[in-house]
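I opened this one with no background and wrote down what I looked up, in the order I looked.

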Protein chains: 2
Amino acid sequence: MHAVASSLFVLAGLLTGASAMADQAKPTPSAKELLAASKPAEWRTPDPQNLLYMQLPQGRVVIELAPDFTPLHAANIRTLVRGHYFDGLAIVRVQDNFVTQWDDPNGDDGGDKAKMHSLGTAKTTLPPEFTRAINPQQPWTPLPDGDVYAPQVGFSGGLPVARDPAAGKEWPVQCYGMVGVARDVAPDSGNGSALYAVIGQAPRRLDHNLAVAGRVLVGMPYLSALPRGTGPMGFYAKAAQRTPILSVKLAADLPPAQQEKVQVLRTDSPTFAALIETARHGHNPFYPEPVGKLGICDIHAPVRVNGKPATP
Amino acid sequence: MHAVASSLFVLAGLLTGASAMADQAKPTPSAKELLAASKPAEWRTPDPQNLLYMQLPQGRVVIELAPDFTPLHAANIRTLVRGHYFDGLAIVRVQDNFVTQWDDPNGDDGGDKAKMHSLGTAKTTLPPEFTRAINPQQPWTPLPDGDVYAPQVGFSGGLPVARDPAAGKEWPVQCYGMVGVARDVAPDSGNGSALYAVIGQAPRRLDHNLAVAGRVLVGMPYLSALPRGTGPMGFYAKAAQRTPILSVKLAADLPPAQQEKVQVLRTDSPTFAALIETARHGHNPFYPEPVGKLGICDIHAPVRVNGKPATP
């Protein structure tokens, strides 16, 4: 019976990298220990102008916009939020191992076009912003183990990023928890009024083909654990199956007492570099040898809310 | 308003690779078209001795065991199933972007050890079966775009597989939907009585460190859309939050009328090779150019139930 109970612990240990086992050949600090020893200056507090609070019946999702990569999209989304565009819209699609998508259900086939929310003063088209020029002034934390899809990968400004040095371009990678901008065939047809979050294996085919609006910092389970849509491509077959979006607000528009104290570990910090090395070379009695490698979507910038880890 | 509605279609189009657009420079068959044109001989019907039907309150999950890779685990799991070991157990853990795990909750801290299900005649330990020797006689469908973690990747016997030719070994990759065997620190401590399914980005650090019992063929949403556990490492904090396992049965033990007509596309078939090439080089008006690459966890062997795709 021992194996049943203990296996729970051990499989968990794999995830955290934690180990207090006495038989460890070369003890290495665990992720938990590294975070506990991090310095206050290694954590950044996102600009409240970039934090979206999306209130669902189940709880609040906090999204950080990515204006360093997609400034025009960030500005348009702020305009949509302040025009109350998203309030009363819905999550209309949850496709297993792919995306959770929210927008105006009256834009769907069978919807009532007359009831669609107005974009107000927001733009209906935007320049694509799929990639940006590599800027040597921006901090860059490379991952050394390569990537199937891009010449280089690493972290910049808190996000997983792929680079093509020959083209002088870089773009955020569509990893789990990233928020993207749905669009029409025309590259300039996205405007931020329809967004999705990645809830499965990173769909790398979307990289540099859809703009990345930002990243979910808190509340991914409210998006990832929703019932999958049974219609084509994960759309809900019935309107009643949709999850209503009660409101989307900018943290900056709320009084400080209503803002969550969210912090994100800087990806150019020594502690984040140590987390990468622990994932690659940390010793754990469970393994005969360290993993030795790390993929771009296999680590992310840790998040704290009120000083505590945001993810269990 | 156009972009909102159309973007739904286009993002969907990315997924299926489908396109009937008139402006396509070089039309390539979509995945749907390739599957529709597949020949009956390209599909295999899994041996009912290898098919587990796991009945949850929400529906049935169908798992195919992988005796070509882990024969001793497959045999032990069959013994456990036929001893009704799993009937009345529970899903005890759902950790976001990682695994859904089921086993005997009375093995947990606070559980009643006296109420634990007996393993019966099943073995309590097993040789690890983490890897197997590369056998040139086995069909091998390579992916040509490399891998971060392993020297070679491809498909064998329906599963995503990584290879180390220098060591002469190969092992199934822990992609989304793969079913693994939880274990204790000792490599031989897994026995199949505690299993997990991968529900997020492939946790490649588990590769060749945990035995792969098989793959979920049907019903992944019943495992992936469960509420995340709020206890440490995704364990449910309260017993009432667990999902009960009503029963686990072998298809072979049911009368034919109660067996689902499940078929899996052979990964050594021309159609599967064509699906790989469509994913890598298929043209779609949405992209300026084809993706050009394909990762080992970015495609899987398609499944049909009663002749229809098992996944929406």
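**Five-strand sheet, chain A.** I started with an open sheet of five strands in chain A, ordered 6-10-9-8-7, with antiparallel pairing. At its edges I found strand 6 (132-133) and strand 7 (141-142). Each of these has a single partner strand, so one side of each is left without a neighbour in the sheet. This is a predicted model, so I kept an eye on confidence as I went.

Next I checked how strand 8 and strand 9 of chain A are joined. Strand 8 (residues 152-156) and strand 9 (residues 159-164) run antiparallel, with five bridges between them. I looked up one pair: A:Gln152 has A:Arg163 in strand 9 as its bridge partner.

**A look at chain B.** Here I followed strand 10 of chain B (residues 169-172). Strand 6 of chain B (residues 132-133) pairs with strand 10 in the antiparallel sense, over two bridges. In that pairing B:Arg132 stands opposite B:Glu170. Strand 9 of chain B (residues 159-164) is joined to strand 10 of chain B by four bridges, again antiparallel. B:Val161 stands opposite B:Pro172 there.

What lies between strand 9 and strand 10 of chain B? I found a hairpin with four residues between the strands, and in it B:Gly168 takes a positive phi near 70 degrees.

**Nine-strand sheet, chain A.** Back in chain A, I traced an open sheet of nine strands in the order 14-4-5-12-11-13-3-2-15, with antiparallel pairing. Its edge strands are strand 14 (243-244) and strand 15 (247-250), and each pairs on one side only. Inside that order I picked out strand 11 (residues 178-181) and strand 13 (residues 212-218), which run antiparallel and share three bridges. A:Gly180 has A:Val212 in strand 13 as its bridge partner.

Which strands does helix 3 of chain A lie across? I noted strand 2 (51-56), strand 3 (59-65), strand 11, strand 13 and strand 15 of chain A. The helix itself covers residues 71-82, and it runs at about 120 degrees to strand 15.

**Domains, chain A.** Chain A is divided into domain 1 (2-43 + 264-309) and domain 2 (46-257). Their C-alpha centres lie 28 Å apart. The contact takes 14 residues from domain 1 and 18 residues from domain 2. On the domain 1 side, helix 5 (270-281) and strand 17 (303-305) each supply at least two residues. Helix 5 gives the most to that side, with three residues. I also sorted the domain 1 side by class: ten nonpolar, two polar and two charged residues.

**Whole chain A.** I get five helices and 18 strands for the secondary structure. The C-alpha atoms fill a box of roughly 70 × 50 × 40 Å along the principal axes. How does the radius of gyration of chain A fit a compact globule? With 312 residues, such a globule would be near 20 Å, and chain A has 20 Å, which agrees.

**Confidence.** Chain A averages a pLDDT of 90, and 91% of the residues score at least 70. Residues 1-24 of chain A stay under 50, and the model has 60 contacts for them beyond four places in sequence. Where pLDDT is low, the predicted coordinates should not be read in detail. For the complex, the predictor gives an ipTM of 0.92 and a pTM of 0.92.

Terms used: Residues are numbered from 1 along each chain as its sequence is written. Chains are lettered from A and ligands numbered from 1 in the order in which they are written. This is a predicted model: local features need pLDDT of at least 70, side-chain atom pairs count only at pLDDT 80 or more; totals for chains, interfaces and linings use all residues. Two strands pair if DSSP finds at least two bridges between them. Two residues are in contact if their C-beta atoms, placed from the backbone, lie within 7 Å. Axes are lines fitted to C-alpha atoms, for helices over the stretch in contact, and angles run from 0 to 180 degrees between N-to-C directions. Domain bounds come from an automatic or database domain assignment. Ala, Val, Leu, Ile, Met, Phe, Trp, Tyr, Cys and Pro count as nonpolar, Asp, Glu, Lys and Arg as charged, and the others, Gly among them, as polar. pLDDT is the predictor's confidence in each residue, from 0 to 100. The radius of gyration is taken over C-alpha atoms; the globule rule is 2.2 Å times the number of residues to the power 0.38.
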